[in-house]
Structure formats: structure tokens, C-alpha cells
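Colleague: Please take me through this model and say, for each descriptive term, what lies behind the word.

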Amino acid sequence: MPIRVGLIVNPIAGMGGSVGLKGTDGPAVVRRARELGAMPRAAGRAAAALDEVAQADIEFELLTCAGAMGEDSALACDLHPSIVYRAASSDTSGDDTRGAAQAMIAEGVGLIVFAGGDGTARDVFEAVHDSVPVVAIPAGVKIHSAVFAVNPRAAGDLVVGVLRGRISRTREAEVMDVDEAAYRDGRLSTRLYGYLRVPDDARLVQAGKVRSRSEDSAADDLALAVVDTMEPETIYIVGPGTTTRRIARHLGLDSTLLGVDVVRDGQMLALDVGERQLLDLLEQNRRARIIVTPIGGQGYLFGRGNQQISGRVVRAAGIENVVVVATPAKLASLGGRPLLVDTDDEELNRTLAGFATVTTGKGRRSVYPVEFPRGTS
């Protein structure tokens, strides 16, 4: 008998990222994201994962939710699912995610695949705990949880691996979430909610976020190294993080910890901007650099917490103008794992893959591998 696979898509997951809202928890934030021009992205990322499964031509039974919560993504990949849950409204919520997961458990699924962010992972955990393994398609903004695949196509490869029996072992992975209100105010407050079972494949499942140990002198040395190389009449798009925030401090500027800021000629040009503002600034300024630091423990350069710096922004600035900075301790926190990229532009992801020159201090650089992982299923 074919294995039953459940599919849940959170239609609003990740919408706040490109417009700088850092999440979409709550109807008021969703409305604001739409007012700012945010577009849904979860369905497309779910379809990218399902495309890998469809191409593998494996017999299985797909159970999902009506419309945008799964059916639309499945049909886009020529998969024909059975509908086991219908949301009462097009404005879906965590109650719908939990209800869908419980309906799938009742139908005897052997695997649940869901697309969303940390909030969606929380809802799935509350419904299923460790009763069934999950494959999580990253579609949110924050994604601190260690349950997610490294990118959507890797999620599809995980599903294929499970269905073919290539990946038979599972392990527990942390479900983390942040206080979004605090996050939007520049304060990071995380909490462990529990554990979900995920396929045991360290290359295709992302690691949990790790805060680099304090090394003030190394971080200051790195910030000074960046400041010393700043050129006149050039805009610097500075990504989020404590490492990059020190750059602004050494320029004597106030900045946002968790947003994207823009500096030119030693002055703060714009604070906490979204994708549209960045594209407008790039049209007005011929010279630009993008300064990013990898997420500690995970290694993401793009696609986690900095969706404002989208593929369109990177292309407009020029791939050659991406500046990667990290302290030695932050690189060490990766434990030898590569840096990762996961924008919505897969061609750009493949272009960025290879090797990056990482500035680690004044006169010090390291060449480090960058990957956009795919499986071998």
C-alpha cells in the first residue's frame, strides 16, 4: 500500500520579509504587509519542493488542504491530492494548520510536509508532537527552528529519500520561535517549544541558530576593517546582525539590529528598509555594496531574516559587490558546514554557490565554500 503523505501550506508565511516586517504573525501584520506590496511566497516554495517529488515518479498518496493551503501547489506540479481539510475562510490561521495536521493524523499519514516558518512549525508541533515525522519547507522569515530543510528543493529531495527508503532514520529537531513584536522592535527573544521528528540527513536539514560567543575585540577589528575600505559616493546595504551593527557604531551611527540599513559617505541614508526601497536606492546610485554576515550555526548569507535583500536586489547591486564578513568564532560555529544561500531566485543561488571571500578582520580573509544544496535521490 502506498505511503500517505500530508501536505500543509501556510499561505501567508514569509510575506513580511521583503517589506521589512520580519514576520506575518497576526491579521494586522498581514494587512500591513499587503498594503506595502508584499506577495505570497509559500505556495511557490511548496511547489518547488513538490516538483522534485513529481519528477521522481514514486507511487504515494497525497493528502492536503483545499486551495492555497496545499491543493494549488500540488496541482501546479500535476499531482492530484485528496482533500482532507477545508479552511472556513481564505484568511487562514494557526487553527487551520493545527486542524489540518490533526485531520491528516486521523487519516493515517506516514509523513507530514509543511511549508511555513517558525510559527507554522509551532502549530504543527502542537498538533502532532512526535507521532509522525515531518519535512519542513522553509517559507517564513525568521526560521530559527532546526526542523527545516536547507531550501525548498532539498525538502523535496528529503521526501523522495523517505519514500524510496534511502532515508529511514529520523532524529529530534528543535522547534523555536521568536516574539515577533519584540523582533520588530529590534529585540531578539527566542523560546524552545518542543521537538519534531525529521529525516536524519545533516546536509539537507538546516542546523539550529547558534549565537556566536562574545569576542568584542575580534568584532571591533572586523568592523574597523570594513569601515576602512568604504568608498565615497557608494551606498552600503548593511544586513542584520550584531556583527554588521558594529560597522554602524564605528561610523558613529544609530542602526537597526534586525533590519536592513543603508549607509553612504559615513551617513545613515535609510533605516530598516524593504526590498522596494532598496531597488529605488539602487536605481539612484550607480555604486553599491551589500554587506552580509552568515547566521551563526546555520551559515545563511541570504534567505533567512534578510529577505529584503532579495535576488532582485543582489542582481541590481551586482553579485561581485556582495561583501561577506564574519568573525573567526562565527565561522567556527558552523563546524565545517558550508555557507548557504536560499533566495527565491534559484538561478542566482546556483551562481552564488562556489566559494566566497570572507573578511574576518583587518588584513585577514578566508575563502569559504558556499552551497545551494540538492540531494541525490
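Colleague: Which residue in β2 does Leu7 stand opposite?

Modeller: Leu7 stands opposite Thr64 in β2. Please bear in mind that this is a predicted model, in which local features need pLDDT of at least 70 and side-chain atom pairs pLDDT 80 or more, while totals for chains, interfaces and linings use all residues. Residues are numbered from 1 along each chain as its sequence is written, and side-chain values use heavy atoms, with hydrogens and water left out.

Colleague: What makes β1 and β2 a pair?

Modeller: Strand β1 (residues 4–9) and strand β2 (residues 61–65) are joined in the parallel sense over 4 bridges, and two strands pair if DSSP finds at least two bridges between them, so the pairing of β1 with β2 satisfies the definition. The strands themselves are DSSP runs of E with at least two residues, and helices are runs of H or I with at least four, numbered from the N terminus.

Colleague: Why are β3 and β5 called edge strands of their sheet?

Modeller: The open sheet has 5 strands in the order β3-β2-β1-β4-β5, with parallel pairing. β3 (82–85) and β5 (134–138) each have a single partner strand, so one side of each is left without a neighbour in the sheet. From one strand to the next, the twist averages 25°.

Colleague: Why are α4 and α5 called oblique to each other?

Modeller: The axes of α4 (residues 94–106) and α5 (residues 118–128) cross at roughly 40° and come within 8 Å. Angles under 35 degrees count as roughly parallel, over 145 as roughly antiparallel, 65 to 115 as roughly perpendicular and the rest as oblique, and α4 and α5 are therefore oblique. The axes are lines fitted to C-alpha atoms, for helices over the stretch in contact, with angles from 0 to 180 degrees between N-to-C directions.

Colleague: Which residues make that contact, and how do they divide by character?

Modeller: On the α4 side the contact is made by Gly94, Thr97, Arg98, Ala101, Gln102 and Ile105, and on the α5 side by Thr120, Asp123, Val124, Glu126, Ala127 and Val128, contact meaning heavy atoms within 4.5 Å. These residues divide into 5 nonpolar, 4 polar and 3 charged, where Ala, Val, Leu, Ile, Met, Phe, Trp, Tyr, Cys and Pro count as nonpolar, Asp, Glu, Lys and Arg as charged, and the others, Gly among them, as polar.

Colleague: How are α2 and α6 packed, and in which hand do they cross?

Modeller: Helix α2 (residues 42–56) and helix α6 (residues 152–164) pack at about 35°, with their axes 7 Å apart. Their crossing is right-handed, a term used if the near helix is turned clockwise from the far one by less than a right angle, left-handed being the anticlockwise case. The contact residues of α2 and α6 divide into 9 nonpolar, 1 polar and 6 charged.

Colleague: What does Phe60 touch?

Modeller: Phe60, in the loop between α2 and β2, touches Pro2, Ile3, Val5, Val53, Leu79 and Leu163, not counting residues up to four places away in sequence. Phe60 and Arg4 are 56 residues apart in sequence, yet 6.1 Å apart from C-alpha to C-alpha.

Colleague: How is the chain divided into domains?

Modeller: The domain assignment gives domain 1 (4–204) and domain 2 (215–371), with bounds that come from an automatic or database assignment. Their C-alpha centres lie 28 Å apart.

Colleague: What is the strand order of the sheet with mixed pairing?

Modeller: That open sheet has 9 strands in the order β10-β9-β8-β11-β13-β15-β16-β14-β12. Its edge strands are β10 (267–270) and β12 (300–302), each pairing on one side only.
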